[in-house]
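Me: I would like a close look at a single part of this structure. Please take one strand and work outwards from it, in plain terms.

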Amino acid sequence: MKDCKCKKCGCGQQQIDELLEQTEDDRRPYWEDHIDSNTFIRHFDYNMPDHLYKWHYDLEDRTIEPQHKNDWKFQFDNKLPITVEDKINIPAGVYHRLIKGTGSLALLIKVKP
């Protein structure tokens, strides 16, 4: 039996090398349009692989607001995922992530200086 690290299906097919490759993948699954120094729109690409939507934290407080209806989810560490449909305040230093939906996502992000 292969050394599977696949948490989605337990298929037994994902090798440690593949897992390490995904962990070291530093591509960003989005591009940005800057409005000013503290405001930008981040466009998330549905076609990017799931492993790029990583747990992370930011160094400053920020607010995110979806720019259109979508079925993406947002999750704070140790909390259940919520649908991205209203403004979400994200405190600095708090781990969080996005969970892909079925289409693209545009978020208005305001960084609090």
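Reply: The model is predicted. The part chosen here is strand β7, and the starting point is its pairing. Strand β4 (residues 73-76) and β7 pair in the antiparallel sense, over four bridges. One pair of bridge partners is glutamine 75 and, in β7, arginine 97.

Next come the two faces of the strand. β7 covers residues 96-99. His96 and Leu98 make up its covered face, whereas Arg97 and Ile99 make up the uncovered one.

Leu98 leads into the interior. The largest nonpolar core has 17 residues, and Leu98 is among those that touch the most other members, together with Phe44, Ile64, Trp72, Phe74 and Leu107. Two or more residues of this core come from each of β2, β6 (88-90) and β8 (105-111). The largest share is that of β8, with four residues.

Phe74 deserves a separate word. Leaving aside residues up to four places away in sequence, phenylalanine 74 touches His96, Arg97 and Leu98. Its other contacts on that count are Ile64, Leu80, Pro81, Ile82, Val84, Ile88 and Ile90.

Now consider what lies just past the end of β7. Lysine 100 is in the loop between β7 and β8, and aspartate 50 is in the loop between β2 and β3, so their pairing ties together parts that are 50 residues apart in sequence. The pair is a salt bridge, with the closest N and O atoms 3.0 Å apart. Side chains of opposite charge can pair when their charged atoms come close. Both partners are partly exposed: the relative accessible area is 38% for aspartate 50 and 23% for lysine 100.

This is one of four salt bridges in the structure. Another joins glutamate 60 to arginine 62, at 2.5 Å from N to O. Shared partners join Asp58, Glu60 and Arg62 into one network. The link between aspartate 58 and arginine 62 has its closest N and O atoms 3.6 Å apart. Arginine 62 counts as buried because its relative accessibility is 8%, and aspartate 58 is buried too. Glutamate 60, at 27%, is partly exposed.

The last stop is the surface. Tyr95 belongs to a nonpolar patch there with Trp55, Tyr57 and Leu59, and together they have about 470 Å² of accessible area. Leucine 59 sits in the loop between β2 (39-44) and β3 (62-66). With a relative accessible area of 75%, leucine 59 is exposed.

Definitions and conventions. Residues are numbered from 1 along each chain as its sequence is written. This is a predicted model: local features need pLDDT of at least 70, side-chain atom pairs count only at pLDDT 80 or more; totals for chains, interfaces and linings use all residues. Side-chain values use heavy atoms; hydrogens and water are left out. Patches are made of residues with over 30% relative accessible area and no salt bridge: like charges are joined within 9 Å, nonpolar side chains (Val, Leu, Ile, Met, Phe, Trp, Tyr) within 5 Å. Accessible areas come from the Shrake-Rupley method with a 1.4 Å probe; for residues, only the protein chains shown count as cover. A salt bridge is a side-chain nitrogen of Lys or Arg within 4 Å of a carboxyl oxygen of Asp or Glu. Buried means under 20% relative accessible area, exposed over 50%, partly exposed in between (1.4 Å probe, protein chains only). Two strands pair if DSSP finds at least two bridges between them. A nonpolar core is a set of buried Ala, Val, Leu, Ile, Met, Phe, Trp, Tyr and Cys residues joined through side-chain atoms within 4.5 Å. Contact means heavy atoms within 4.5 Å.
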